[in-house]
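Let's take a walk through this model by following its charged side chains. Have a look at it first, and then we'll go pair by pair.

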Amino acid sequence: MVITGAKIYWLIQYTSQIAKLLTELQDHINTRARLGKGHHYFIADRLGNTFTKLFGLMVFIASVMYFFNPMLQILVQHLTKPGEPFIYKLPYHFELGVDSSISPNYQIIYMSSFLSLQPILNSMVAANCLFFCFSLLIAACFKDLQDMVLSIGENILMVDDPLLVKDDKASLIVAADAKPEDEKIFYQLMGECVEFHSKILRWIDEATSYISGIIAFEFAGCIFSFCTQAFQATINITSPEFLNSVVFFIAEGMELFLFAAFGERITTESAAVAEAVYIANWWRFPPKHRKYFQLMILRAQKPCYVRALNWLNCSLESYMNVLKASFSMMALLQNINEKGGFGVEQES
C-alpha cells in the first residue's frame with residue numbers, strides 16, 4: 001500500500017510531462033503508420049493491451065484470494081473441528097506495526113481494508129503497466145530504426161546496377177560510379193536514421209526522469225519484502241504462515257521480474273541497432289559513406305537503460321543483484337535471531 005501510494009504520488013507530479021511525451025510518441029507512430037511502416041508499433045500496442053488486461057485480471061484474482069483466505073480457514077476449521085470456536089484472522093494480522101487480529105474492532109478493519117484494496121491495486125496496475133507499455137513501444141521504435149538502416153543498404157547506391165569494382169587496398173567492394181541523385185538520397189535517409197535514433201534516446205532520457213521513481217520504489221520495496229518474507233518463511237516452516245510467506249515472495253518476485261525483463265528489452269533492442277548497421281551492406285559504400293555507419297555503430301554499442309533515480313539500471317542484472325542483497329539481509333536477520341536478538345512477539 002505504501003509503495004503504491006508513493007508510485008501514484010510520483011505520477012501525479014509528472015502527469016503533464018508524461019502526457020506530452022506519449023502524445024509525441026503517438027504522433028510518430030501515426031506518421032509511420034501512414035507510410036505503411038507501423039507494423040512493429042501495432043504488434044507492441046496489441047501486446048501492451050493484452051498484457052495490461054491479463055495483469056489486471058491476475059491482480060484482481062489475487063486480491064480476492066487474499067481476502068477469502070480467512071473465510072476459507074474458518075470453513076476448514078468448521079469442517080475438521082466442528083463445535084470449536086472460530087479463530088478469526090486477518091490475511092496479514094501484523095499490519096503497519098500493529099497486531100490487528102487482537103483488536104476488538106478487527107472486523108471493521110478487515111472490511112475497510114477489503115474495500116480499499118481494489119482501488120489501490122488498480123492504481124498499481126496503472127502505474128506498472130504504464131512502464132510496461134512504454135517499454136514495448138520504445139523497443140518497437142528500435143526495431144523500426146533497424147529496418148530503416150537495413151533499407152539503406154538494400155536500396156541506396158544500387159540503383160541501375162552501378163558498376164562495382166574491387167578496392168585492393170581496402171579489400172572492400174565500393175561503388176565506382178555513384179550518381180549525385182543517389183548520394184542525395186543516401187544523405188537524406190541516413191539523416192533520417194540519425195535523427196530518429198537521437199529522438200529515441202531523448203524519449204528514453206525523458207521517460208527515465210518521469211517514471212524512474214516508480215522503478216526505484218518497486219526495487220526498494222521488493223528488497224525489503226524479499227528479505228522479510230524469506231525470513232518469515234524460514235522461522236515458520238512448520239506453521240501455516242509458511243505458505244503465505246512463500247506465495248507472497250513468489251508474487252513479488254514475478255512483479256519485479258517483469259520490470260527487469262521489460263527494461264532489458266529496451267537494452268537488447270538498442271544494442272541490436274549496431275548489428276543491423278553492420279549487416280546493412282555497408283561495405284558496398286564508398287569510404288566517405290562508411291564513416292556514417294561507423295558512427296551509428298559506435299553509438300549503438302553504448303547500451304540504453306531506464307534508470308531508477310540514478311540508483312540502478314532496470315535490467316535482469318539488477319534483478320539478480322536485488323535477490324542477492326535480499327538474501328544477504330535475510331541471512332543477517334537469521335543470524336540475529338539465532339543469537340536471541342528477536343523476541344517471541346517479534347518473530348510472530
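A salt bridge, as the term is used here, is a side-chain nitrogen of Lys or Arg within 4 Å of a carboxyl oxygen of Asp or Glu. Keep in mind that what you're looking at is a predicted model. Searching the whole structure turns up four salt bridges.

Start inside one helix. Glu-206 and Arg-202 join their side chains in a salt bridge, with N and O 3.0 Å apart. Both residues belong to helix H5 (residues 180-235), and they're four residues apart, about one turn of the helix. Are they buried or exposed? Glu-206 has 23% relative accessibility, so it counts as partly exposed. Arg-202 is partly exposed too, at 33%. This pair also has company: Glu-24 is linked with Arg-202 and Glu-206 in a network of salt bridges.

Now for a pair that reaches across the chain. Arg-32 forms a salt bridge with Asp-144, and their closest N and O atoms are 2.8 Å apart. Arg-32 sits in helix H2 (residues 15-34) and Asp-144 in helix H4 (residues 106-155), so this bridge links distant parts of the chain, 112 residues apart. Both Arg-32 and Asp-144 are buried.

Helix H4 also holds Lys-143, which pairs with Glu-269 of helix H6 (residues 241-278), 126 residues away along the chain. In this salt bridge the closest N and O atoms are 3.4 Å apart. Glu-269 has a relative accessible area of 12%, so it is buried, while Lys-143, at 27%, counts as partly exposed.

Key:
Residues numbered from 1 in each chain as written. Predicted model: local features only at pLDDT ≥ 70, side-chain atom pairs only at ≥ 80, totals over all residues. Heavy atoms only, no water. Helix = DSSP H or I, 4+ residues; strand = E, 2+ residues; numbered from the N terminus. Buried < 20%, exposed > 50% of the residue type's maximum accessible area, 1.4 Å probe, protein only.
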